Amino acid sequence: MAYRRIDSRISDFEKACNGNLLFVTADFRRVEMDCLGKTACRWYAAGRPHGPADSIAMDTLTLHHEIDEMPNGTLFALSSEWREVDDYYPDEYDEAPPPMRQRVMGDVIVDFGRETGKVAWGWKAFDPTDPHRSTYETLSDYWIRGGFPLPTGGRQD
């Protein structure tokens, strides 16, 4: 058994069909590593606030929380996007402040190739849903801790 220290918190991991481990880091990267701790491949979200990484750039804003291997060998991951939304409450917990135009973060599911990092398919959660109904963690410190600026009018505690 091998151990390897990682330079970022890990938020998900899966065992790949080839026996390697796939995992997600808190700084919006994906890593594939063999059982001896040797890195097989790395990908990073090109839009991440941390800048480039020594790995394959993906045309995504983030890569967070989830990674899965598809039967055809591509990888399925969770990303996100910003959208401007009118009449949005500036606080997820307090309805007292009047609604305003807000920059809101929504999830995007992407399917990408291992070798290129190219996104072959994507699904944006904002497309079929009303963004006013999907507010959980949109204005929270999660995105601030990840390096994204606080949306206009969001909480600052």
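Which residue's side chain is joined to that of Glu32 by a polar contact? In this predicted model, the partner is Asn18, and the contact between the two side chains spans 3.0 Å. Glu32 itself belongs to strand β3, one member of an open five-stranded sheet with mixed pairing. The points below take up that sheet, the surroundings of Glu32 and Ile10, the cysteines, and two residues with positive phi.

**The sheet**

- The five strands of the open sheet follow one another in the order β1-β2-β3-β4-β5, and their pairing is mixed.
- The edges of the sheet are formed by β1, covering residues 10-15, and by β5, covering residues 56-58, each of which pairs on one side only.
- From one strand to the next, the twist averages 20°.
- Strands β1 and β2, the latter made up of residues 21-25, run antiparallel and are joined by five bridges.
- Within β2, Leu21 is the residue that serves as the bridge partner of Lys15.
- As a general matter, the strands of a sheet pair through backbone hydrogen bonds, in either a parallel or an antiparallel manner.

**Glu32 in strand β3**

- Glu32, which lies in strand β3, counts as buried because its relative accessibility is 4%, under the 20% limit that applies to buried residues.
- Leaving aside residues up to four places away in sequence, Glu32 touches Asn18, Asn20, Leu21, Leu22, Lys38, Thr39, Ala40, Cys41, Trp43 and Arg114.
- Among these contacts is Asn18, the residue whose side chain also makes the 3.0 Å polar contact with that of Glu32.
- Leu21, the bridge partner of Lys15, is likewise one of the residues that Glu32 touches.

**Ile10 in strand β1**

- Ile10 is placed in strand β1 and, with a relative accessibility of 37%, counts as partly exposed.
- When residues up to four places away in sequence are not counted, Ile10 touches Phe23, Val24 and Thr25.
- The C-alpha atoms of Ile10 and Val31 are separated by 10 Å, the two residues being 21 residues apart along the chain.

**Cysteines**

- The count of disulfides comes to zero, where a disulfide would require a pair of cysteine sulfur atoms within 2.5 Å.
- Cys17 forms no such bond because the closest cysteine sulfur, which belongs to Cys35, is 15 Å from its own sulfur and therefore too far away.
- Cys41 is also in no disulfide, the nearest cysteine sulfur being that of Cys17 at 16 Å.
- The surroundings of these cysteines can be described as well: Cys17 is exposed, with a relative accessible area of 74%, whereas Cys41 is buried, with a relative accessible area of 17%.
- Cys41 is, in addition, one of the residues touched by Glu32.

**Positive phi values**

- In general, most residues other than glycine have a negative phi.
- Phe28, a residue other than glycine, has a positive phi near 65° and is found in the loop between β2 and β3, where the latter strand covers residues 29-33.
- Phe28 counts as buried, since its relative accessibility is 1%.
- His65, which is also not a glycine, has a positive phi near 60° and is found in the loop between β5 and β6, the latter covering residues 67-69.
- With a relative accessible area of 38%, His65 is partly exposed, whereas Phe28 is buried.

Notes:
Residues numbered from 1 in each chain as written. Predicted model: local features only at pLDDT ≥ 70, side-chain atom pairs only at ≥ 80, totals over all residues. Heavy atoms only, no water. Pairing = 2+ DSSP bridges. Helix = DSSP H or I, 4+ residues; strand = E, 2+ residues; numbered from the N terminus. Axes fitted to C-alpha atoms, helices over the stretch in contact; angles between N-to-C directions. Buried < 20%, exposed > 50% of the residue type's maximum accessible area, 1.4 Å probe, protein only. Polar contact = N/O pair within 3.5 Å; in protein donor to acceptor, adjacent residues only side chain to side chain. Contact = heavy atoms within 4.5 Å.
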